[in-house]
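Trainee: Please take me through this structure, beginning with the vocabulary.

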Amino acid sequence: YGDPKFGAVSTAAASEVTPQAPAAPAGEIEVTVPDYEVSSQNGTDYVSFPAGHTLLVEGEPEIPFHVARFDYPAETRVQAVTLVDRAGLSTTTGLNLPITTMAADCALVTRAEASTTDDWLPEETYTWRVIDNPDGTTTLEITIFAFEYQPLTTAVRFYNSYTFDIATAPSPITQSWTH
């Protein structure tokens, strides 16, 4: 194949011209959530993960969460993410988490005004989404709610180890750029 005038293009040369995206996880993947950190100020306990985020829902306690990201090449699409197992449970009680308020005057909400549910918060264990990148690759983002809180009892459950099954399929659309 190729132009007889120039000869055939070797497969080595072709792979140098078209760089491959890094291998992405397929099948089961393990995610380890770093331990949470607590800092206290004026009787309120602020909980966070290193490089973590905080779930803010009006009238609910501020709950930290962890995000894991995985890159996939343009030829692969993530179809489903299923939690297979979570482990490494540790528990504690007595944390007084701040309550989220979106009021302009930032008036403090007392524990009595806060959520009085006996359910564990947040209700979800994890969520996921796929982000389309400009170069045609995708990034799988798994939001893990490893820190669970029960407002009435101030009980905490924390799982630091998660196993997910990632179902992928070949992408029906691939970009081909020629110059």
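Mentor: A strand (E, at least two residues) is a DSSP run, numbered from the N terminus, and two strands pair if DSSP finds at least two bridges between them. This is a predicted model, in which local features need pLDDT of at least 70, side-chain atom pairs count only at pLDDT 80 or more, and totals for chains, interfaces and linings use all residues. Residues are numbered from 1 along each chain as its sequence is written, and side-chain values use heavy atoms, without hydrogens and water.

Trainee: How many residues lie between E9 and E10 in their hairpin?

Mentor: Four residues separate E9 from E10 there, and Thr154 in the turn has a positive phi of about 60°. The two strands, E9 (residues 147–150) and E10 (residues 155–170), are antiparallel and joined over four bridges. One of these partnerships links Gln150 with Ala155 in E10.

Trainee: And Thr154, is it buried or exposed?

Mentor: Thr154 is buried (under 20% relative accessible area, 1.4 Å probe, protein chains only), with a value of 18%. Beyond its neighbours within four places in sequence, Thr154 is in contact (heavy atoms within 4.5 Å) with Thr92, Thr93, Gly94, Leu95 and Tyr149.

Trainee: Which residues of E9 are buried on each side?

Mentor: Phe147 and Tyr149 are buried on one side, and Glu148 and Gln150 on the other, so both faces of E9 are covered.

Trainee: New topic: in what order do the four strands of the open sheet run?

Mentor: The order is E4-E5-E8-E7, with antiparallel pairing. E4 (53–55) and E7 (126–132) stand at the edges with a single partner strand each, so one side of each has no neighbour in the sheet.

Trainee: How many bridges do E5 and E8 share?

Mentor: E5 (residues 63–72) and E8 (residues 138–144) pair over seven bridges, and Val67 has Thr143 in E8 as its bridge partner.

Terms used
Buried < 20%, exposed > 50% of the residue type's maximum accessible area, 1.4 Å probe, protein only.
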